[in-house]
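Hi,

Here is the structure I promised to pass on. Have a look at it first, and my notes follow underneath.

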Amino acid sequence: MGFCRGLLRMSFLGFVWFLGFVLILDSGGVQGWSKEGHIMTCQIAQELLEPEAAHAVKMLLPENVNGDLSALCVWPDQIRHWYKYRWTSSLHFIDTPDEACNFDYDRDCHDPHGVKDMCVAGAIQNFTSQLSHYREGTSDRRYNMTEALLFLSHFMGDIHQPLHVGFTSDEGGNTIQLRWFRHKSNLHHVWDREIILTAATDYYGKDMDLLEQDIEGNFTDGIWHDDVASWKECGNIFTCVNKWAAESITIACKWGYKGVESGMTLNDDYFNSRLPIVMKRIAQGGVRLAMVLNRVFGASDEDMVSAT
Ligand SMILES: *[C@@H]1O[C@H](CO)[C@@H](O)[C@H](O)[C@H]1NC(C)=O
Ligand SMILES: *[C@@H]1O[C@H](CO)[C@@H](O)[C@H](O)[C@H]1NC(C)=O
Ligand SMILES: *[C@@H]1O[C@H](CO)[C@@H](O)[C@H](O)[C@H]1NC(C)=O
């Protein structure tokens, strides 16, 4: 009995320790779209894949996900604190100079130690380039093509989350503590997750599939129908990542940071005016991820990497 109690207590303490560990991991640093944002981005993209790309994606995914890319799109957030993957942690975002409201690759795309290319824009180029060797069948053994696919899919979501290309001193809004309606949050998290979850609750009965279908309807024949062609415009990957990152910091300044101060309460006004922007960024991320995958795996010889 005593022994059992001891065991129970041990495992209880172990559990508390584990919880603490998970909480620390969970609250650590800048994250991309929430799990919901990433899943929607990847589901939108997968539906837009042409046959060659759809086949390549299926071949690269582990069997247990049954060909569902979105099941693993959150993976890079889950492993970013593991020792083996610590090098990936600066690849989720870009810190730009406070109030500059623009993006300059040479100035901004580096990790905190100044190592060049270690930011979300550099990562997208890197993994696009790795995947472009898949077609040749001589894929470079140094690179794990499955990981390249998962990283690319995740980072295409991140670069479209406006507060992912944010100011340096507030860590993309992470240190701006505020209230979202009645509960505590921070500006980064409002853009990662709060707006999406509030929309799901208010308008879609918490059904993320309905929300995603509404986004898809709005670019197949709704309000964004005429914009999709321009979203997909992309000469080479370097020009494109620069354009996407610049869009994000522009939105972050105009809609994210504008009028916001620590300690404020954000509610209906902020939610209603920002919701359409969040939805559009998710749509653009999905459409553009499909565009990149269709080109790297596709039958055409449009090369989007060699010029970099
Ligand atoms: C590119 O990926 C390789 C691993 O596949 C990694 O070692 C390198 O740091 C990455 N660079 C960037 C900019 O993502
Ligand atoms: C590639 O990476 C995945 C995910 O980390 C891993 O499960 C798989 O074993 C790796 N494949 C090779 C050939 O190393
Ligand atoms: C889709 O467009 C309609 C009409 O403008 C709008 O009311 C709705 O909020 C949009 N939905 C999403 C998810 O963007």
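Let me start with the pocket residues, and please keep in mind that this is a predicted model. Sorted by class, the shell around ligand 3 comes out as three nonpolar, two polar and one charged residues. If you want to click through them, they are Asp 214, Ile 215, Asn 218, Gly 222, Ile 223 and Met 279. Which element gives the most to that shell? Helix 9 (residues 208-220) does, with three residues.

Ligand 1 has its own set of neighbours: Trp 87, Leu 91, Asp 117, Met 118, Gly 122, Ala 123, Asn 126 and Tyr 143. By class, that shell has five nonpolar, two polar and one charged residues.

Next, the chain as a whole. You'll find twelve helices and five strands in it. Of the 308 residues, 40% are buried. I also looked at contacts between residues at least 6 apart in sequence, and 76% of those join residues at least 24 apart.

Helix 12 deserves a look of its own. It covers residues 268-297, and at 1.5 Å a residue its 30 residues should span 44 Å; the end C-alpha atoms are 43 Å apart, so the expected and modelled spans agree. That said, helix 12 does bend, by about 35° at Arg 274, and a proline, Pro 276, follows within four residues. Met 279, from the ligand 3 list, has a number that falls inside the range of this helix, residues 268-297.

Now for the strands. Strand 3 (residues 177-180) runs antiparallel to strand 4 (residues 183-186), and four bridges join the two. Within that pair, Leu 178 has Ser 185 as its bridge partner, while Trp 180 stands opposite His 183. The two strands form a hairpin with two residues between them, where Phe 181 takes a positive phi near 50°.

What else does strand 3 pair with? Strand 5 (residues 265-266) is joined to it by two bridges, and here the strands run parallel. Trp 180 turns up again in this pairing, standing opposite Leu 266. So if you open just one residue in the strands, I'd suggest Trp 180, which stands opposite His 183 in strand 4 and opposite Leu 266 in strand 5.

Shout if anything is unclear.

Cheers

Conventions: Residues are numbered from 1 along each chain as its sequence is written. Chains are lettered from A and ligands numbered from 1 in the order in which they are written. This is a predicted model: local features need pLDDT of at least 70, side-chain atom pairs count only at pLDDT 80 or more; totals for chains, interfaces and linings use all residues. A residue is near a molecule or strand if its C-beta atom, placed from the backbone, lies within 6 Å of it. Ala, Val, Leu, Ile, Met, Phe, Trp, Tyr, Cys and Pro count as nonpolar, Asp, Glu, Lys and Arg as charged, and the others, Gly among them, as polar. The expected span of a helix is 1.5 Å times one less than its number of residues. The bend at a residue is the angle between axes fitted to the seven residues ending there and the seven starting there. Two strands pair if DSSP finds at least two bridges between them. A residue is buried if 20 or more other C-beta atoms lie within 10 Å of its own, exposed if 12 or fewer, and partly exposed in between; C-beta atoms are placed from the backbone. Two residues are in contact if their C-beta atoms, placed from the backbone, lie within 7 Å.
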